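Trainee: Let us go through this model together. I would like to test each term against its definition.

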Amino acid sequence: METIEIIDNKVEKVKISYSETTQVIGLFGFGTVGSGLYHVLQNSPTTKARIKKVCIKNAFKERSLNSKFFSTNPNDILDDPEINLVVELIDNADDAYLIVKTALLHGKSVVSGNKTMLAHHLEELIEIQKKTGSALLYDASACGSIPIIRNLEEYYDNDLLLSIRGILNGSSNYILSRVFQHNDDYNFALKKAQELGFAESDPSFDVMGFDALFKLVILAVHGFGTYVYPNDAFNCGIHNLSVHDIRYAKEKGLKIKLVATLTKFGKNCITLFVMPTFVSADDYIYNVEDEYNGVVIEGAFYEKQFMFGKGAGGHPTGSAVLSDITARFHDYRYEYKKRKYFNYPEYSTDVVLEVFIRYHDIVDLSIFGIEEVIEKYNGRDHRWMIAKVKLSSLIKVKDLITKLNLFIAYTGKIEYSEK
Ligand SMILES: NC(=O)c1ccc[n+]([C@@H]2O[C@H](COP(=O)([O-])OP(=O)(O)OC[C@H]3O[C@@H](n4cnc5c(N)ncnc54)[C@H](OP(=O)(O)O)[C@@H]3O)[C@@H](O)[C@H]2O)c1
C-alpha cells in the first residue's frame, strides 16, 4: 500500500511496510468461537491475516473445512516459524495455559478468549510478556463483543476510575429475563437457554457466577492494576433462585440480576464480588435482557458511563477476536498501565454487605456471623432475612450456601472500613 509522507519538506509517496506483512495464524479450537472467527475473517477481506493451521482435539469430528487445515498436534503450530500469531480458542483451561505460555515463550503473539485460564494465570503471563517481549491480547475473554478491556487500558488510563459493575454473563441473564419477563420457571428457562446454545449442558460455570467472576478478575487488572486470585473472591449464583425470591423482588418493583461488582474505597483499596443483586428501574443495567451484557463504569468527574452489547456467541466473540488480531497487526499490546505507573490498590474483603437471605432452618443462618438484622419474615413455606454480613464471612461459607440451599441477593448497600 502506498501512503503520503513528508520527507525533507517534499511530499513523497512511500511504501509502508506493515501493509505488506500478513499475519499467519495458527488457530487452536474450531468450536463456537473458532468457527465464528473463521466466518468473521472471511467477511473482512481487508484484514491481512490468514489461518494456516487449525489444531483441534478430536481428529474424527466432521469439519466444514478441508481436512488439510486440521491437526491434533499442537507442535504443528507452535514449532512452525511461519506462524507469527497463535489464536487460542479452546474450552480446556489447563491445555490453554500450556499452549499460551509455550507460544509466548516461542516469541509468538497470542490472542486468547479463555477467561478461566487468564483469571488463574494472568500474573505469570504478564511476567512472561515482560521477559520475552511477546504480546498477549484477550479482549474477547470479557463481555464478548464489548471492547471493555482495551477501553480500561487506554481511555481509563488514569486514577479517576471508581467502579466497574455489570452483567457479565449472558446465559444467566437470559434465564433471569425468561423468569422475570415471561414468568418461566427457573428450570424451564435453563432448559431453553441450553436448547438455544446460551448455556452449556453443565451450566454451573455460568449460573454459579464463576464465569462472571473470572471476567471481573481480568477487568480488575486492567481497571485498577490489582490481581485477585479467583479462590480469594466471593461468587454466588442464581442456581438456588425460587419463586419466593422472584415474588419478593417483583413486589418491590425490582429485578434480580447476576451482577459483578468491583469498587474502589478508602485510601487505596478495591473489593469485588459476584452475586444475585436487586436492581431498580433507574439502574442502567435494569433493561439489559436476554443474552446481552452491560457494564457501568463510574469515575470521579465523569460519573457513570454505560457499555452494552452481545456478551457471547460465535460471531460477536469472533469479531472481538478479529479486533485483537488487527490490533496485533498494528503492534498494539497491553501495557498494564495501572500496574506500571500507579501504586495499585490492595484487594480487601473488609467490607459489610447488606444481603437478602432466604432460608429453611434458622440454624443455617449461624454460618454467616450476621452483624445486624434489618428485617425478617417467617412464612409458612419460606423465611427470609435482610441482614448485614461481612464479605470475608461470605467467602468462608461460599460452598455451604449451595449445600444448604440458601438464596442470597445483594441489596446494593455496602459499608466500607476506614482502610
Ligand atoms: N462461546 C462463547 O460465546 C464464548 C464467548 C467468550 C469467550 N469464550 C471462550 O472461548 C473459548 C472457546 O469457547 P467455545 O464456546 O468456542 O468452545 P467449544 O465450542 O466447546 O469449542 C472448543 C474447541 O476447542 C477444541 N479443543 C479442546 N481442547 C483442545 C486441545 N487441547 N487442543 C486443541 N483443541 C482443543 C475442541 O476441539 P474438537 O472440535 O475436536 O472438539 C473445539 O474445537 C473458551 O475459552 C470460552 O470460555 C466463549
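**The ligand and its site**

Mentor: The ligand sits in the largest pocket. The model is predicted, so local features need pLDDT of at least 70, side-chain atom pairs count only at pLDDT 80 or more, and totals for chains, interfaces and linings use all residues. Residues are numbered from 1 along each chain as its sequence is written, and side-chain values use heavy atoms, with hydrogens and water left out.

Trainee: What makes it a pocket that the ligand sits in?

Mentor: On a 1 Å grid over the protein atoms alone, a pocket is an open set of points with protein on both sides within 12 Å along at least five of seven lines. A molecule sits in a pocket if more than half of its atoms lie within 2 Å of its grid points. The ligand meets that for the largest pocket.

Trainee: Which residues come nearest to the ligand?

Mentor: Val-33, Asn-58, Lys-61, Arg-63 and Gly-313, out of 22 around the ligand. To count, a residue needs a heavy atom within 4 Å.

Trainee: Why is the backbone pair at Val-33 called a polar contact?

Mentor: A polar contact is a pair of N or O atoms within 3.5 Å. A backbone N or O atom of Val-33 lies 2.8 Å from a ligand oxygen, so the pair qualifies. Thr-32 has such a backbone atom at 2.9 Å from a ligand oxygen, and Ile-90 has one at 3.0 Å. The protein buries 83% of the 900 Å² that the ligand exposes alone (Shrake-Rupley method, 1.4 Å probe).

Trainee: Why does the ligand lie between the domains?

Mentor: Domain 1 (2-137) and domain 2 (148-416) both give residues to its shell, so the ligand lies between them. The bounds come from an automatic or database assignment.

Methods
A polar contact is a pair of N or O atoms within 3.5 Å; within protein, one must be able to donate a hydrogen and the other to accept it, and residues adjacent in sequence count only if both atoms are side-chain atoms. On a 1 Å grid over the protein atoms alone, a cavity is a set of points where a 1.4 Å probe fits but cannot get out, and a pocket is an open set with protein on both sides within 12 Å along at least five of seven lines; lining residues have an atom within 4 Å of a point.
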